[in-house]
Amino acid sequence: MISYDFEYFKPSSIDKAISLFQSLDQQGKEPIYFSGGTEIITLGRVNKIKTGAVIDIKEIPECLVLKRESNKLTFGAAQTLNRIRESQYFRFLNKAIGEIADHTARNKITLGGNMCANIIYRETILPLLLTDSQVIIAGPGGLKQLPLNEVFDQTLRLQRGELLIQIMIEEKESELPFLCIKKRRQWDVGYPLMTIAALKKDQQIRFAFSGLCSYPFRNEKMDGSLNNQALPKEARIEEAMRQIPAPVLKDVHGSEDYRRFVFKNTLLDVLDTIGGTEIE
Amino acid sequence: MSWSIGHSVYRKDGLEKVTGRAKYTGDHSSKDMLHIKMVVSSYAHAKIKAINTTKALKVSGVRGIVLGQPFPLTGEEIKDRPPIAYDKVRYHGEPVAVVVADTALQAQKAAELIEVTYEPLPVVNSPKNALLPGAPLVHENLAVYERIEHVYPEANTNIADRIKIRKGCMNEGWKASHEMVEASFSFSQSDHMAMETRCVIAEIHPDGCVVFTSATQSPYMIKHLMSDYFNLEDGKIIVKTPLVGGAFGGKVAVQLELIAYMASLAVGGRPVKLVNTREEDMITSPVHIGLDATIKLGATKDGQLTAAEILYMFDTGAYSDKGATISRAAAVTSTGPYHIDNVWCDSLCVYTNHPYVTAYRGFGHSELSFAFERAMDMLAKKLDMNPLELRMKNAILPGQTTPTQIRLNESTVGNLPNCIETLKQQMNWNEGQVIPINDRKVRAKGISCIWKTSTIDSDASSGVILVFNRDGSVNIESGVVEIGMGTKTVLAQMLAEKLKMDVNKIFVKMEIDTQSIPEHWKTVASRGTLMAGRALLKAADDAIVQMKDIASRVLMCSPDELEVGNERVYVRDEPDIYIKVKDICYGYKYPHGYAIGGQVIGRGQYMLRHLTHIDPKTGVGRPGPEYTVAAQGAEIEFDTRDYTYKILKAYSVIDAGIVLNRKLAKGQVMGAMEMGLNFGSSETFVFSEQGEVLNSRLRTYTPFRYGDHPEYVVSFIETPYIESAYGARGLGEHGLIGMPAALANALSVASGMELNRLPLTPEAIWRKKIGVNEY
């Protein structure tokens with residue numbers, strides 16, 4: 001049960017959503033955009049998210065696009081993880097999606113919701129960061145298209161009232177060899193101890209991480225170390241571990257030093273595996 | 001051929017459940033019902049300095065706020081617990097205030113506005129620490145608490161009870177031994193995780209009748225304890241229990257009923273409803289016990305056990321409630337199912353600032369078995385002996401004595417060697433315990449042996465009433481609560497067997513109403529089939545006498561020449577002379593109008609025979625009736641680089657006496673095995689240094705999900721227990737008991753390390769490897 005009252009709106013266009021946000025914000029309602037709702041409901045019931053109004057974006061046509069057209073893949077932010085997975089457009093993303101929550105929850109969780117969530121893992125970000133995807137963002141000034149890598153720094157850097165509409169990637173990027181490995185404290189469903197995603201392009205391997213620190217990230221220095229062919233694999237990993245940009249997490253899923261142990265092992269697996277071409 | 005015994009009869013509650021029509025406590029509501037929300041402690045140990053309810057009382061719809069009072073103090077053995085904390089809180093999650101409002105929403109809003117000021121106190125965070133000299137006291141007034149006669153709290157300590165087992169002569173035992181092992185074992189508390197969270201509705205009628213609808217395993221105990229705690233008349237307490245959505249021991253405790261009663265009292269007796277959130281169900285309501293243990297074993301060169309010195313320190317949490325009883329149950333079977341001449345055991349029920357505990361499926365046995373069975377594997381290693389052979393050599397046999405010095409026979413102990421031998425074949429034990437798969441992975445096997453009797457009250461009883469319908473069909477009324485185990489279906493099978501009739505013409509009342517249904521002590525301890533089964537047979541005999549009496553007058557013969565079967569009462573050697581049951585079960589009417597007899601109503605009751613308290617100095621006594629023994633195993637695939645693993649197969653070979661319903665029995669055992677594997681591999685509360693539970697949500701507390709399960713291999717040995725109806729032994733808990741130990745033994749042999757701490761996560765194994773146990 002959510003103990004506070006909030007208003008609910010379901011606008012049918014981007015413009016209406018944006019202007020609703022502005023007016024509700026001016027009224028001090030602290031509005032938030034609402035997509036699958038899984039996080040607002042579960043954190044709302046323990047008062048970790050508070051809001052006076054939610055704006056449901058699931059009736060905005062642009063947010064529901066799911067298409068492969070002119071060598072581009074477009075994913076609407078309000079599409080559910082399961083629908084995206086069923087579309088089979090993007091195997092790398094599908095792999096990340098298949099490890100998030102459970103099937104029932106993925107019927108509700110949306111791509112935009114996961115990317116913009118409070119939850120620290122936001123694992124759909126990883127394949128999108130590595131494939132140089134673009135995001136379409138709506139705001140009071142209209143629509144803009146930006147590279148995800150430019151607007152993502154720990155979180156998706158949206159201005160107040162801005163709304164993530166779509167994610168686009170080049171189809172050829174979606175065909176590159178990849179790996180996405182999720183490690184958990186125990187068993188095969190639930191939050192990660194960490195997730196490591198890797199993509200091979202132009203003989204270089206790109207890495208992105210979730211669950212290692214308190215936010216998902218790509219890091220050029222770590223990529224540099226891990227691709228340093230002059231060093232043996234273990235040494236590359238050691239060097240990369242010295243470049244981790246933030247404190248390594250310690251929580252009920254695992255301690256900091258255990259996470260480092262798992263990180264090292266998993267990277268070894270990635271380096272061993274992704275040397276070949278046929279991988280998943 | 002049997003009429004029904006041994007058949008996999010569909011559950012009588014099956015259709016209601018699979019169609020979603022079954023009603024549980026939480027499904028009941030009425031217009032005049034008020035709703036309760038608890039405010040719970042955010043500290044594990046703190047003085048309550050002030051509680052400010054001003055803002056909360058202003059929330060619309062609020063009818064009352066109840067705070068803790070010095071009395072009554074409650075608890076089944078030691079009265080140490082105020083239903084709502086008074087003066088200080090002793091665990092994270094303890095109720096400190098209760099709001100009653102028109103709607104659940106208003107109650108929650110108000111609860112969020114209650115301001116509690118605490119002054120934190122030093123925290124007791126484990127049984128080991130609780131026993132250190134100078135440890136803070138969880139209960140300063142332990143010495144003056146009211147208690148039952150057979151519990152022995154130690155004043156000015158954190159020891160709520162100490163149970164002693166003294167068998168044989170330890171010096172002799174050590175003298176006779178050539179090898180010795182000694183090791184410590186531990187695990188934290190965890191939870192039951194029933195699908196239905198605990199829930200109660202309470203109402204006080206103008207005539208003083210207090211009526212509960214409760215998701216409980218103990219409707220009759222609620223009646224008894226309410227009368228004791230609040231000085232109410234026994235007959236004025238009525239408890240109704242609909243179907244219960246999983247219990248696993250967690251719904252034995254009487255907790256929310258007390259709070260709901262106090263809340264109803266505060267609002268003029270109106271009906272009030274209290275439903276636990278998942279978080280409250282995990283820590284505010286009582287939990288699964290934790291343990292620190294030390295075991296020392298001695299054996300001869302050829303593996304004969306000569307001595308066992310055992311120290312169990314159970315983590316009962318903030319209150320003793322069932323913790324003392326569990327510590328006692330663990331003491332009386334402290335050695336596992338092995339014959340040992342010389343046993344010294346101290347089993348301690350220790351207070352900490354953790355959530356308080358209640359029964360958990362297995363009642364102390366999976367806990368002691370983990371420790372003892374790990375010690376057995378360590379001993380086998382030291383003796384350079386196959387662990388299965390070590391168990392076979394020491395397996396308890398008819399004619400031998402238990403730690404409480406009771407001599408067993410085939411009926412009371414069954415056939416453990418047969419279980420071990422069957423397990424050996426099923427697990428293909430001879431291929432070896434560790435089989436390499438590749439340069440990183442190995443397949444490994446571990447086993448354990450278990451036993452369990454039920455240490456319930458020696459005067460616990462069960463009653464059954466059989467009421468006939470006009471068409472000759474029968475209704476069974478028994479106080480056994482249907483908590484998902486199917487006992488009531490088995491009762492119908494027994495009656496079908498006894499009356500030689502179609503089980504589909506037997507109806508079972510699933511819901512309990514203590515005002516009309518005879519008492520079944522508590523639905524616990526795998527005792528439903530034994531106790532209600534025996535009561536049912538007696539009730540059936542009673543009904544048969546009544547039917548024969550009427551039939552004898554119709555058929556003009558003596559009642560002792562008659563038999564009942566096929567829905568007829570017939571002359572034994574001339575079955576063609578009969579009268580149909582339907583023509584006499586409501587009496588018989590002669591053609592000219594005279595009538596005799598009346599509705600046939602059978603009644604029967606059963607009380608366990610010859611049980612005793614155990615001697616406080618030596619532990620001698622007969623604490624329970626029969627034992628169920630079993631051999632269990634786990635087969636895993638282990639990654640020697642990163643310490644991750646999969647459980648491939650889990651095995652149980654159980655001496656079930658006679659299996660009454662094969663599929664129900666297998667289902668019971670598989671479900672129990674699953675719980676045991678979760679307890680062994682993943683489930684645990686993580687406590688902060690301040691004693692807070694850091695993972696009281698299913699997001700961070702992880703049992704198996706779909707797809708995580710191994711293959712379950714379940715088989716039964718059948719050595720009848722003569723005392724029970726149709727030879728069955730207790731079976732509800734036993735599949736769980738050996739699983740944590742079997743898993744730990746498999747992982748220990750796979751990793752080459754002695755893994756003596758649960759749960760066995762990959763991190764825990766890695767920690768052992770690098771030599772750091774705590775984090």
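**Exercise 1. Determine how strand β6 (residues 134–139) of chain A is paired with β7(A) and with β10(A), and decide whether β6(A) is covered or open.**

Solution. Begin with strand β7 (residues 142–147) of chain A, which is antiparallel to β6(A) and is joined to it by 6 bridges; strands here are DSSP runs of E of at least two residues, helices are runs of H or I of at least four residues, and both are numbered from the N terminus, while two strands pair if DSSP finds at least two bridges between them. The connection between β6(A) and β7(A) is a hairpin through 2 residues, and within this pairing A:Ile136 has A:Gln145 as its bridge partner in β7(A). Next, turn to strand β10 (residues 163–170) of chain A, which pairs with β6(A) in the antiparallel sense over 5 bridges, with A:Leu163 of β10(A) as the bridge partner of A:Ala138. Finally, 5 of the 6 residues of β6(A) are buried, so that the strand is mostly covered; a residue is buried if 20 or more other C-beta atoms, placed from the backbone, lie within 10 Å of its own, exposed if 12 or fewer do, and partly exposed in between.

The model is predicted, and local features need pLDDT of at least 70, side-chain atom pairs count only at pLDDT 80 or more, and totals for chains, interfaces and linings use all residues. Residues are numbered from 1 along each chain as its sequence is written, and chains are lettered from A and ligands numbered from 1 in the order in which they are written.

**Exercise 2. Describe the overall build of chain A and compare its radius of gyration with the globule rule.**

Solution. First, chain A has 11 helices and 14 strands. Its radius of gyration, taken over C-alpha atoms, is then set against the globule rule, 2.2 Å times the number of residues to the power 0.38: the value of 19 Å is close to the 19 Å given for 280 residues, so chain A is as compact as a globular protein of that length. Along the principal axes, the C-alpha trace of chain A spans about 60 × 45 × 30 Å, and 42% of the 280 residues count as buried.

**Exercise 3. Work out whether the span of helix α18 (residues 739–751) of chain B agrees with its number of residues, and describe its surroundings.**

Solution. The expected span is 1.5 Å times one less than the number of residues, which for the 13 residues of α18(B) should be 18 Å, and this agrees with the 18 Å between its end C-alpha atoms. As for burial, 13 of the 13 residues of α18(B) are buried, so the helix is largely enclosed by the rest of the structure. After α18(B) comes B:Gly752, with a positive phi near 70°. In the loop between α18 and α19 (762–770) of chain B lies B:Pro759, which is joined to B:Leu758 by a cis peptide bond with omega of about -5°.

**Exercise 4. Are B:Phe363 and B:Asp384 buried or exposed?**

Solution. B:Phe363, in the loop between β15 (343–351) and α10 (365–383) of chain B, has a positive phi near 45° although it is a residue other than glycine. Because 28 C-beta neighbours lie inside 10 Å, B:Phe363 counts as buried. B:Asp384, in the loop between α10 and α11 (387–394) of chain B, is not a glycine either and has a positive phi of about 55°. With 9 other C-beta atoms within 10 Å, B:Asp384 is exposed.
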